[in-house]
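Dear colleague,

I am handing over the structure we spoke about, with the sequence alongside. Please have it open while you read the notes that follow.

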Amino acid sequence: MPLGRLFPSFDFDGFRENLSTRILPFQRSVQFWVRTADIYTGYKVFQVQVNFVKDVKKQEEMWERQHELAAEKIYNMCSELGGFFLKVAQIVGKPDLAPAAWVKRLVTLCDQAPATPYHVIRPVIETELGQSIDDLFETFDVNPLGSASIAQVHRARLRGDKNDVVVKVQHPGVQKLMMTDLRNLQAFTVYLQKTDIKFDFHSVMSEMAKQIGYEFDFFREAAAMERIQQFLQDNNKKGPVKVPRVVKNMVTRRVLVMEYINGIPIVKVGDEMAKRGLNPGGKMAVAAKQNILKSLTLAYGQMILKSGFFHADPHPGNILICKGSEVALIDYGQVKDLPDNLRLGYANLVIAIAADDPIRAIESLRELGIITETKCENEQQELFKLAQSMFDTKLPPGVKMLQPYSEESSIKKVAVQGFPEELFSVLRTVILLRGLSVGLGLNYSCAEQWHPIAAEALRQAGRLKDEEVNKSQKVGIIRRTFRRR
């Protein structure tokens, strides 16, 4: 006999759903720790084994196999658990930051979050917007354009309009799971901080938790889009990047309707050029890539140094290339409003890096509240290298990829004991921009590009005189010239 007949007043479906909701976070936590322990101990055991091999070439081959093995495990964990771990894959899977085997495997996860079925999404949209989809939209594509960790987007057309729009809607129930994932990763990074990498991960993870919490408020995202769009229009004859226009009166906490922008993801630029018969390494292709990077760099330089309010998630899935190499920046869930003291402190650091001035750079690190400890003989040099690796996009001559966890890395030689939480978004943005430049096959310094903007910001704040700007530029050119020789 069905249980419903024995207990007619008991809601078994609700009980089952409530039990599943309570158990799922525990199941995810167990899966995370079992898989992470397997990957971590695999590397620790391998480090012991590889030390017994004296042949350097054989060591490199062994490391490559170990990275491939770990990459497969990391990929499986991120793809199967989804949610927050897709964001982890976006951050870690950068060609300048992680082993090549990791990058090759993780880069495919950028926009592969499983989509929520249309029959589940439809009532969310209709409840939030207060009307049926048929009444609101002339057309609505039930298959999403893309699905990410927090939301998915559908292409549609409003009734009485000729232009298409994008409807962004949150996955139901995902917020609680993402916060569980974040707490687990936070605990693991604290362990790493104590045992392997002397970096203030606690501050970084605290800021990440705050930013991810903001992503669940689409009112905030819509306001950020409008603010950044207006700022870029006010400060340029033509905005360096396109920002989607928000559709008025069609924004709620869980649904956001905005302009549809026709473009291709930046990671597919090389494939698109090849389709059109362009050599990706030829002059025309290189010039197009340089223009793309120039537009992005100008937009971010202005946002971070001039305004302090900036889009803080420039991973490849959020950058579209439109007709004429015009760049569009989408997804404003993660934005940062940098306090003036950090904005100006970072401007000072930008000038120091661009001018190749270690003393000024170290003073800027202190001003920003970055607390370090090192017992190296060449302390000044290592601190300057640390500043460059964290806050500039340029790779050293002959280096194709930074190895932040190698024994020769500055982050291994210099312990970062204190790192301001609010500066993490700048650090992450620079790392993502560096990854983009490496992916495009270009090596450039954002600090050198941002020098004029940083100088203007300091000048307006009364912290820099014209003669100081000119002197720093000349000294920087001379130092870089002699270094190349």
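To begin with one position: which residues does Gln302 touch, not counting residues up to four places away in sequence? Please keep in mind throughout that this is a predicted model. The contacts of Gln302, with that exclusion, are Phe231, Leu232, Asn235, Asn236, Pro240, Ser307 and Ile453. Gln302 belongs to helix H12, which covers residues 283-307, and its relative accessibility is 7%, so Gln302 counts as buried, the cut-off being under 20%. One of its contacts, Pro240, lies 62 residues away from Gln302 along the chain, and the C-alpha atoms of the two are separated by 9.9 Å.

The helix that carries Gln302 also meets a sheet. H12 lies across S5, strand S10 (319-321) and S11, and runs at about 40° to S11. The sheet is an open one of four strands, in the order S5-S11-S10-S8 and with mixed pairing. Its edge strands, each pairing on one side only, are S5 (241-242) and S8 (264-265). S5 and S11 (residues 327-329) run parallel and are joined by two bridges; in S11, Val327 is the bridge partner of Val241.

Elsewhere in the chain, there is a helix pair that you may wish to look at. Helix H15 (residues 379-391) packs against helix H17 (residues 424-439) at an angle of about 75°, their axes being 7 Å apart, and the two helices are therefore roughly perpendicular to each other. On the H15 side the contact is made by Gln388, Ser389, Met390 and Phe391, while H17 contributes Val426, Leu427, Val430 and Arg434. Sorted by class, this contact of H15 with H17 has five nonpolar residues, two polar ones and one charged one.

Lastly, the nonpolar cores. The largest of them has 122 residues, of which Tyr346, Phe391, Phe419 and Trp450 touch the most other members; Phe391 is also one of the H15 residues that make the contact with H17. Leaving aside neighbours within four places in sequence, Phe419 is in contact with Phe199, Asp200, Ser203, Val204, Ile370, Met390, Phe391, Phe424 and Leu427, and among these Met390, Phe391 and Leu427 also take part in the contact between H15 and H17. A second core, separate from the largest, has 17 residues, including Val124, Phe140, Ala156 and Met250.

With best regards

Notes:
Residues numbered from 1 in each chain as written. Predicted model: local features only at pLDDT ≥ 70, side-chain atom pairs only at ≥ 80, totals over all residues. Heavy atoms only, no water. Axes fitted to C-alpha atoms, helices over the stretch in contact; angles between N-to-C directions. Parallel < 35°, antiparallel > 145°, perpendicular 65-115°, else oblique. Contact = heavy atoms within 4.5 Å. Nonpolar A, V, L, I, M, F, W, Y, C, P; charged D, E, K, R; others polar. Buried < 20%, exposed > 50% of the residue type's maximum accessible area, 1.4 Å probe, protein only. Pairing = 2+ DSSP bridges. Core = buried A, V, L, I, M, F, W, Y, C linked by side-chain atoms within 4.5 Å.
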